[in-house]
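Thanks for asking me to look this one over. Here is my note, written as numbered points so you can follow along with the structure open beside you.

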Amino acid sequence: LITKVDDDDNPGDVGIATNNPQQPLDASNVARANIAASDTTIVGTDSAALAGSGHLISGNDNVVAGGDTASISGGNFNFVGGGSGINVDLSNFSTSIGGKNNDISGASFSVILGGRNNVVVTGKSHFLGGGSNNKISGTDAGSALDNTLVGGVDNEIIGGQRSFIGAGASNTIYSSNSVIGGGTSNIASGDTATIFGGSSNK
């Protein structure tokens, strides 16, 4: 291990070197790794922060790659890729990639792909594609499953299972197996309801 120090004893570049180029690099016994991520704390085992700054990682087998002020806590096997202000908490096998303030809490096997101020809370196996101020939520971990919200603004799926919102603005689903394709201010409150678009349909 090589550390470059300046004349005032300030540490600089860090690298790994060997006088035997035939010897492979083996880091399998490293419990946690921080590679160029400043102001970052890692607690737990088999977790890593790769670049960026201000990250906090707890639990096991979690990874943050790039971005700033990401947090993974209370769960295992989660991933945050880039973005800013992203939290993945109390979940397992969940991923939030890019965007700003896109959070997953208590929702294992769930994914957020970009956008801004999007939230997935409770349940499992949800997908939120992007947009802004969108939310998938449930009342308990067993009742809100497999919902999909592709994009748009201020759209919500609240409870239920296997429901879908494509885009639009201020659309809300309160039921299972329901679809809102787009439009604005549409509401689906009964199971197996379908609204393709338009405005203020119920």
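**Notes on the fold**

1. Let me start with one pair you can find on screen: L50 stands opposite A65, a residue of strand 7. Please keep in mind as you read that this is a predicted model. The pair belongs to the contact between strand 5 and strand 7 (residues 63–65), which run parallel and are joined by 3 bridges.

2. On its other side, strand 5 (residues 47–50) is joined to strand 3 (residues 32–35) by 4 bridges, and these two strands also run parallel. To see this pairing at the level of residues, look for N34, whose bridge partner in strand 5 is A49. In general, strands of a sheet pair through backbone hydrogen bonds, in either a parallel or an antiparallel way.

3. Now for the wider picture. These strands belong to an open sheet of 11 strands with parallel pairing, in the order 3-5-7-9-11-13-15-17-19-21-23. Strand 3 and strand 23 (194–195) are at the edges with a single partner strand each, so one side of each has no neighbour in the sheet.

4. Further along that sheet, strand 11 (residues 95–97) and strand 13 (residues 111–113) are paired in the parallel sense through 3 bridges. Here S96 is the residue to find, as it stands opposite I112 of strand 13.

5. Some even-numbered strands pair as well. Strand 10 and strand 12 (residues 103–108) run parallel and are joined by 2 bridges, with I104 of strand 12 as the bridge partner of V88. Strand 12 also pairs with strand 14 (residues 119–124) in the parallel sense, this time over 5 bridges. In that pairing, S105 stands opposite V121 of strand 14.

6. What does the chain as a whole look like in numbers? Its secondary structure comes to 0 helices and 23 strands. Of its 202 residues, 35% count as buried. Take the contacts between residues at least 6 apart in sequence: 0% of them join residues at least 24 apart. The chain exposes about 10000 Å², and carbon and sulfur atoms supply 53% of that area.

7. Is S47 buried or exposed? S47 is found in strand 5, and its relative accessible area is 3%, so it counts as buried, the cut-off being under 20%. A polar atom of the S47 side chain lies 3.5 Å from the backbone oxygen of G59. Leaving out residues up to four places away in sequence, S47 touches several residues, among them A31, R32, A33, I57 and G59.

8. A residue in a loop can be buried too, and I86 is one to look at: it lies in the loop between strand 9 (79–81) and strand 10 (87–89), and its relative accessibility of 1% is why it counts as buried. Which residues surround I86, once those up to four places away in sequence are set aside? I86 touches T69, A70, S71, V80, S96, G98, G99, N101, N102 and D103. For D103, the separation from I86 is 17 residues in sequence, yet 5.5 Å in space from C-alpha to C-alpha.

9. N101, one of the residues that I86 touches, deserves a glance at its backbone. N101 is not a glycine, although it has a positive phi of about 55 degrees. Its place is in the loop between strand 11 and strand 12, and with a relative accessible area of 28% N101 is partly exposed.

10. D146 is another residue other than glycine with a positive phi, in this case near 60 degrees. You will find D146 in the loop between strand 16 (135–137) and strand 17 (148–149). D146 is partly exposed, with a relative accessible area of 35%.

11. Finally, a word on the surface. Which residues form a nonpolar patch there? The patch consists of F77, F93 and F109, which together have about 320 Å² of accessible area. F109 sits in the loop between strand 12 and strand 13, and its relative accessibility of 46% makes F109 partly exposed.

Key: Residues numbered from 1 in each chain as written. Predicted model: local features only at pLDDT ≥ 70, side-chain atom pairs only at ≥ 80, totals over all residues. Heavy atoms only, no water. Buried < 20%, exposed > 50% of the residue type's maximum accessible area, 1.4 Å probe, protein only. Contact = heavy atoms within 4.5 Å. Pairing = 2+ DSSP bridges. Polar contact = N/O pair within 3.5 Å; in protein donor to acceptor, adjacent residues only side chain to side chain. Areas by Shrake-Rupley, 256 points an atom, 1.4 Å probe, with all protein chains shown as cover. Patch = residues over 30% accessible without salt bridge, like charges linked within 9 Å, V, L, I, M, F, W, Y side chains within 5 Å. Salt bridge = Lys/Arg side-chain N within 4 Å of Asp/Glu carboxyl O.
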